[in-house]
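Please look over the sequence and the fold shown below before reading on. The paragraphs that follow lead from one side chain to its surroundings and then to the whole chain.

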Amino acid sequence: TGSIGHPDFCSRPCVYILKGDKCKNGEACRFCHIKHDSRLKLDKLQRILLQEMPKYHLLSLLSSSLRVKAVKARDILKLPQMSEHFQKILALVDGEIEYLAETDKSWHRKSRGRDRQHIHRILCKMPVAGILGWANSCMRLG
């Protein structure tokens, strides 16, 4: 079901459950049936900061947040290492970061450190799907 790995690795919430209804798909539903914390979203100013942040810094921030999630999942599930699928995702993001560091001369520009730290804390509390969504949109913009 979509609730596997809740809250960090589950699917987005089921719309039926959000409305307070019984899910028509039952156990076959691909979406999460466990209550999600709605406070784990970036506010408008944070989203703007992320959108204006140089791609190198944004991907570095997202990669760092994903690594925090990977360690947490590994510790909770008592795994010797993170999944191969997750390692491939991180390798893609890290490959893009390396490419940008070599090609983009503007990568040295820094956004305000305090804002970056605050956004990092929020991202570390968000589900992995949300973090990957930001990484995906960032990689498409480049």
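Is W134 buried or exposed? In this predicted model, where local features need pLDDT of at least 70, side-chain atom pairs count only at pLDDT 80 or more, and totals for chains, interfaces and linings use all residues, W134 is buried because its relative accessible area is 15%, buried meaning under 20% relative accessible area, exposed over 50% and partly exposed in between, with a 1.4 Å probe and protein chains only. Residues are numbered from 1 along each chain as its sequence is written, and side-chain values use heavy atoms, with hydrogens and water left out.

W134 belongs to helix α6, helices being DSSP runs of H or I with at least four residues, and strands runs of E with at least two, numbered from the N terminus. Leaving out residues up to four places away in sequence, W134 touches L42, R47, L50, Q51 and L62, where contact means heavy atoms within 4.5 Å. The C-alpha atoms of W134 and L59 are separated by 8.9 Å, although these residues lie 75 residues apart along the chain.

Two of the residues that W134 touches, L50 and L62, reappear in the largest nonpolar core, which has 24 residues and in which L42, L50, L62, I119 and L123 touch the most other members; such a core is a set of buried Ala, Val, Leu, Ile, Met, Phe, Trp, Tyr and Cys residues joined through side-chain atoms within 4.5 Å. Helices α2, α3, α4 (84-103), α5 (113-125) and α6 (128-141) each supply at least two residues of this core, and α3 gives the most, with seven residues. In soluble globular proteins, nonpolar side chains tend to be buried together. As for L123, its contacts beyond four places in sequence are L42, L61, L62, S65, K69 and I131.

Helix α2 (residues 44-52) shows how a helix can divide into two sides: its buried residues are Q46, L49 and L50. They lie on the same side of α2 because they cover an arc of only 100° around the axis, the arc being that of the directions from the helix axis to the C-beta atoms. The face turned away from this buried side carries the exposed residues K44, L45, Q51 and E52. At the N-terminal end of α2, D43 acts as a cap, with a side-chain oxygen 3.2 Å from the backbone nitrogen of L45.

In helix α3 (residues 55-77) sits S63, which counts as buried because its relative accessibility is 4%. Not counting residues up to four places away in sequence, S63 touches L90, V93, D94 and I97.

Two cysteines can be added to this picture: C32 is buried, with a relative accessible area of 1%, and C124 is buried as well, at 16%. The structure holds zero disulfides, a disulfide being a pair of cysteine sulfur atoms within 2.5 Å.

Taken as a whole, the protein has six helices and zero strands, and buried residues make up 33% of its 142 residues. Among contacts between residues at least 6 apart in sequence, 71% join residues at least 24 apart.

Terms used. Polar contact = N/O pair within 3.5 Å; in protein donor to acceptor, adjacent residues only side chain to side chain.
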